[in-house]
Amino acid sequence: MKQQNQQLEQNKHENPMTILSRSLLTGFIGGIIWSIFATILYYFNFTEVAPKSFILSSWFHAEWIDTWLGTVITIIAIGLLSLVTALVYYGLLKKVNSIWMGVVFGIVLWIIIFYIMNPIFSTVPQVADLDMDTIVTTLCVFILYGTFIGYSISYDYHDLQRAKEDSKNAKA
């Protein structure tokens, strides 16, 4: 057991990625995965707003936005914006080791995007004008995204703390 803990601790020190860099990577990957998922839901008419409605369509009026290139650029942009989301979660909530905090984080993000920031998205209708399918679908996507980001970052943080404690106990 001691040898296994020492090996785990040695591997943690050899890994050049810090908890912050892994959290940022989690944010980028989460943004990519869940924006792809949201785009698929839009194409299958589960929602009347696409991710590109927020990222590109509100500020640019070009034909290429409605092509595959607009979709790819939107997905990459959401991945990059998701770095900020992961940084916020890392800074404020990484010590909370609960899946429910991720759920709440996703709901708060949905409220921020759909209520508070809605006036800056000219191509996205007000929440009162959206149909129930769109509200439920987008809320679920944000809950899944928040859970992915939140629980991944919290689990990684607590796993590292546990490894540090095991290493201290093995030395004692």
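## The cavity

Helix α2 is the main contributor to the lining of the largest cavity, giving three residues, the most of any element. The model is predicted. A search of the whole structure finds one cavity of 30 Å³ or more. The largest cavity has a volume of about 40 Å³. Three elements give two or more residues to its lining: α2, α3 and α4.

The lining residues are Thr 39, Tyr 42, Tyr 43, Ala 50, Pro 51, Lys 52, Thr 71 and Thr 74. By class, four are nonpolar, three are polar and one is charged. Lys 52, part of this lining, also takes part in a salt bridge with Asp 66.

## The pocket

The largest pocket has a volume of about 720 Å³. Its lining draws two or more residues from each of α2 (19-43), α3 (51-55), α4 (68-93), α5 (99-116) and α6 (132-171). The lining counts 32 residues. Nearest the centre of the pocket lie Ile 78, Thr 85, Ile 113, Phe 142 and Tyr 145.

What is the class make-up of the lining of the largest pocket? It has 24 nonpolar and eight polar residues. Charged residues are absent from the pocket lining. The lining of the largest cavity, by contrast, has one charged residue.

## Salt bridges

How many salt bridges does a search of the whole structure find? It finds two. One joins Arg 22 to Asp 156, with the closest N and O atoms 2.8 Å apart. This pair links distant parts of the chain. Arg 22 sits in helix α2 and Asp 156 in helix α6, 134 residues apart. Are the two partners buried or exposed? Arg 22 counts as buried because its relative accessibility is 17%, under the 20% cut-off. Asp 156 is buried too, with a relative accessible area of 16%.

The other salt bridge pairs Asp 66 with Lys 52. Here the closest N and O atoms are 3.9 Å apart. Asp 66 lies in the loop between α3 and α4, and Lys 52 lies in helix α3, so the pair ties together parts that are 14 residues apart in sequence. The two partners fall in opposite burial classes: Asp 66 is exposed, with a relative accessible area of 59%, whereas Lys 52 counts as buried at 10% relative accessibility.

## The nonpolar surface patch

A nonpolar patch of about 980 Å² lies on the surface. Its members are Trp 59, Phe 60, Val 104, Ile 107, Val 108, Ile 111, Ile 112, Tyr 115, Ile 116, Met 117 and Ile 120.

Tyr 115 is one of the patch residues. Helix α5 holds this tyrosine. Why does Tyr 115 count as partly exposed? Its relative accessibility is 48%, and that class runs between 20% and 50%.

## Two loop residues

Val 127 is placed in the loop between α5 and α6. Is Val 127 buried or exposed? Val 127 is buried, with a relative accessible area of 9%. In sequence, Val 127 and Gly 102 are 25 residues apart. In space, the C-alpha atoms of Val 127 and Gly 102 are 23 Å apart.

Asn 45 lies in the loop between α2 and α3. Its phi is near 60 degrees, a positive value in a residue other than glycine. Asn 45 counts as exposed, at 66% relative accessibility.

## The whole protein

The protein has six helices and zero strands. Along the sequence the pattern reads α-α-α-α-α-α. Taken along the principal axes, the C-alpha atoms fill a box of roughly 65 × 30 × 25 Å.

The protein has 172 residues, and buried residues make up 41% of them. Among the buried residues are Arg 22, Lys 52, Val 127 and Asp 156.

Notes: Residues are numbered from 1 along each chain as its sequence is written. This is a predicted model: local features need pLDDT of at least 70, side-chain atom pairs count only at pLDDT 80 or more; totals for chains, interfaces and linings use all residues. Side-chain values use heavy atoms; hydrogens and water are left out. On a 1 Å grid over the protein atoms alone, a cavity is a set of points where a 1.4 Å probe fits but cannot get out, and a pocket is an open set with protein on both sides within 12 Å along at least five of seven lines; lining residues have an atom within 4 Å of a point. Grid points are joined across faces, edges and corners, and a volume is the space filled by probe spheres set on the points. Helices (H or I, at least four residues) and strands (E, at least two) are DSSP runs, numbered from the N terminus. Ala, Val, Leu, Ile, Met, Phe, Trp, Tyr, Cys and Pro count as nonpolar, Asp, Glu, Lys and Arg as charged, and the others, Gly among them, as polar. Patches are made of residues with over 30% relative accessible area and no salt bridge: like charges are joined within 9 Å, nonpolar side chains (Val, Leu, Ile, Met, Phe, Trp, Tyr) within 5 Å. Accessible areas come from the Shrake-Rupley method with a 1.4 Å probe; for residues, only the protein chains shown count as cover. A salt bridge is a side-chain nitrogen of Lys or Arg within 4 Å of a carboxyl oxygen of Asp or Glu. Buried means under 20% relative accessible area, exposed over 50%, partly exposed in between (1.4 Å probe, protein chains only).
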